[in-house]
Amino acid sequence: MATISITEQTAILAKYLDLSQNGKVLAEYVWIDSEGNTRSKCKTLNKKPSTVDDLPEWNFDGSSTGQAPGHDSDVYLRPIAFYPDPFRKGDNIIVLTECWNNDGTPNKYNHRHECAKLMKAHADDEVWFGLEQEYTLFDQFDNVYAWPKGGFPAPQGPYYCGVGTGKVYARDVIEAHYRACLYAGINISGINAEVMPSQWEFQVGPCEGIAMGDELWIARYLLQRVAEEFGVKISLHPKPLKGDWNGAGCHTNVSTKNMRVPGGMKDIEAALAKLAKRHKEHMLLYGSDNDQRLTGRHETASMEAFSSGVANRGASIRIPRQVAKEGYGYFEDRRPASNIDPYLVTGIMVETICGSIPDADMSKEFARESSD
């Protein structure tokens, strides 16, 4: 049976959005399910919250999201951050939540809890992140958006940061998402068309510590909601199309306070040495199906071996040319796939370059999720 996608009747909806809410506030609770997708549902509040502590705990049916068995299906939503809602506007908000079991333990797909421990323990290192989220657009029939029916566009070359008809597609979707992120207070730092046609990228950061994962998840939620209105599907698969086409990653830019001052290159080099020793452990947490992307071709390194280099987009870790010249700054980990859980990636990064702590182990987070 063919999938039918119907775009929203936004002109008709507008007259209802202008109606008074009589002092009520709509809070859209967002969480992450067992497949790494965002889910959400809305709660009516009697007043606008001042802090996250003003937001009530809620729950959902975890058996319908792969997060709990049917005989014990309640999973609790604990608010951890909220943002202005660019769709409903006014005092309405989007609430990011953590998932917890009824026995007081974090749900096994809740990776934020352990990541937050590491970020708190290493707060003095002031670790900054910037994530480059690549994604691919598909139409309602699961074809790459705007590609010729039953065929292919011209080979890669004119599409990266392209301008003009036939070089870029769906700029309206991308611009709408950009504005939605800015309205919500997400630290979105830029956008660009990517190497494969109908593939785009947005960047979030710099964000410090746990805020990086929080803001990327909300930016992803906003992207899906915007695309919903245009009748477009979003894919975060790292190799959405087989063949001689670029995959999609989530390059992770990292720096500590010591790396960002003159002489910081020695700290960057020390971090790379630590990362080389834990390459396999990192790869386990760097996204599913990443082996389809990290082949040594299409601006990627092989996932089998760790490498680094200045201005080398075919290495595991790229040191920007300007950083090498000035002797301080940041490094870019190019291994993470587009479908990563940012809490796993930023968590193990801090664990590796800043040090482990007794009650948090990001490798065990992967094992916990993978267990039945």
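The exercises below, each with a worked solution, concern the packing, strands and aromatic rings of this structure.

The structure is a predicted model, in which local features need pLDDT of at least 70 and side-chain atom pairs count only at pLDDT 80 or more, while totals for chains, interfaces and linings use all residues. Residues are numbered from 1 along each chain as its sequence is written, and side-chain values use heavy atoms, with hydrogens and water left out.

**Exercise 1. Determine which residues have the most contacts inside the largest nonpolar core, and which helix gives the largest share of this core.**

Solution. Begin with the term: a nonpolar core is a set of buried Ala, Val, Leu, Ile, Met, Phe, Trp, Tyr and Cys residues joined through side-chain atoms within 4.5 Å, where buried means under 20% relative accessible area, exposed over 50% and partly exposed in between, with a 1.4 Å probe and protein chains only. The largest such core has 70 residues, and those with the most contacts inside it are Tyr-135, Ile-186, Leu-222 and Phe-331. Its largest share, 10 residues, comes from helix α4 (residues 211-230), helices being DSSP runs of H or I with at least four residues and strands runs of E with at least two, numbered from the N terminus. Next, take Leu-222: beyond residues up to four places away in sequence, Leu-222 touches eight listed partners including Pro-86, Phe-87, His-177 and Ile-186, a contact being heavy atoms within 4.5 Å.

**Exercise 2. Describe helix α4 by its span and its burial, and then place Met-212 within its surroundings.**

Solution. The 20 residues of α4 reach 29 Å from the first C-alpha to the last, close to the 28 Å expected at 1.5 Å a residue, the expected span being 1.5 Å times one less than the number of residues. As for burial, 15 of the 20 residues of α4 are buried, so that the helix is mostly covered. Met-212 belongs to α4 and, because its relative accessibility is 0%, counts as buried. Its contacts outside four places in sequence are Phe-129, Gly-130, Leu-131, Val-204, Cys-207 and Thr-346; of these, Thr-346 is 134 residues away in sequence, yet the C-alpha to C-alpha distance to Met-212 is 7.9 Å. Just after the helix, Gly-231 takes a positive phi of about 70 degrees.

**Exercise 3. Establish in which sense strands β1 and β2 pair, and what lies between them.**

Solution. Two strands pair if DSSP finds at least two bridges between them; here β1 (residues 25-32) and β2 (residues 38-45) pair in the antiparallel sense over eight bridges. Within this pairing, Val-30 stands opposite Ser-40 in β2. The two strands form a hairpin with five residues between them, and Gly-36 in the turn has a positive phi of about 80 degrees.

**Exercise 4. Classify the ring pairs Tyr-29 with Trp-58 and Trp-31 with Phe-60.**

Solution. Rings of Phe, Tyr and Trp (its six-membered ring) pair if their centres lie within 6.5 Å, with planes under 30 degrees apart counted as stacked, over 60 as edge-to-face and the rest as tilted. The whole structure holds six aromatic pairs. For Tyr-29 and Trp-58 the centres are 5.1 Å apart and the planes at 80 degrees, so this pair is edge-to-face, and it links strand β1 with strand β3 (residues 58-61). For Trp-31 and Phe-60 the centres are 4.2 Å apart and the planes at 20 degrees, so this pair is stacked.
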